[in-house]
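Okay everyone, let's get going. Have a look at the picture while I talk you through a few details.

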Amino acid sequence: MDWINLDALWKIVVLGLVAGAGLPALFAIGLVALSRGPRTATAGPGTDEVIGGSPAGFVAAAFCFLVVLAAVGWSIYEIYTIGHPSK
């Protein structure tokens with residue numbers, strides 16, 4: 001098995017699972033957290049009440065979305081540094 005680098009192979013598989021399935025799953029968890037919680041019914045078009053979830057759901061969703069956004073930003077940075085190496 002000299003022609004297969006198993007160390008690199010498992011790293012590629014793990015990174016592919018995390019980025020390929022993990023980030024969309026984390027985004028979905030954030031959407032679910034955003035939609036959970038007590039609902040407020042609006043009485044009519046002139047009310048100030050907002051339909052939404054709980055504050056804990058908003059915090060959990062924000063955390064999930066920030067992790068996904070950080071992963072996307074880090075990926076863009078890595079792609080840029082590969083294409084523009086330092087001198």
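**The greasy patch and its neighbours**

So, start at the surface: Leu6, Leu9, Val13 and Leu17 make a nonpolar patch of about 370 Å². Keep in mind that this is a predicted model. Take Val13 from that patch, which sits in helix 1. Is Val13 buried or exposed? Well, something in between: its relative accessibility is 45%, so Val13 counts as partly exposed, because that label covers values from 20% up to 50%.

Now for charges. Side chains of opposite charge can pair when their charged atoms come close. How many salt bridges does a search of the whole structure find? Just one. The partners are Asp7 and Lys11, and their closest N and O atoms are 3.5 Å apart. These two are four residues apart in helix 1, which means about one helical turn separates them. And remember, an α-helix has 3.6 residues a turn, so residues three or four places apart point the same way. Both partners count as partly exposed, with Asp7 at 41% relative accessibility and Lys11 at 46%.

Okay, over to helix 2, residues 55–83. Which of its residues are buried? Gly57, Ala61, Cys64, Val68 and Ala71 are. And what do the buried residues of helix 2 pack against? That would be helix 1, residues 6–35.

One last check, on length. Helix 2 has 29 residues, so at 1.5 Å a residue it should span 42 Å. The C-alpha atoms at its ends are 42 Å apart, so the two agree. That's it from me, thanks!

Definitions and conventions. Residues are numbered from 1 along each chain as its sequence is written. This is a predicted model: local features need pLDDT of at least 70, side-chain atom pairs count only at pLDDT 80 or more; totals for chains, interfaces and linings use all residues. Side-chain values use heavy atoms; hydrogens and water are left out. The expected span of a helix is 1.5 Å times one less than its number of residues. Buried means under 20% relative accessible area, exposed over 50%, partly exposed in between (1.4 Å probe, protein chains only). Contact means heavy atoms within 4.5 Å. Patches are made of residues with over 30% relative accessible area and no salt bridge: like charges are joined within 9 Å, nonpolar side chains (Val, Leu, Ile, Met, Phe, Trp, Tyr) within 5 Å. Accessible areas come from the Shrake-Rupley method with a 1.4 Å probe; for residues, only the protein chains shown count as cover. A salt bridge is a side-chain nitrogen of Lys or Arg within 4 Å of a carboxyl oxygen of Asp or Glu.
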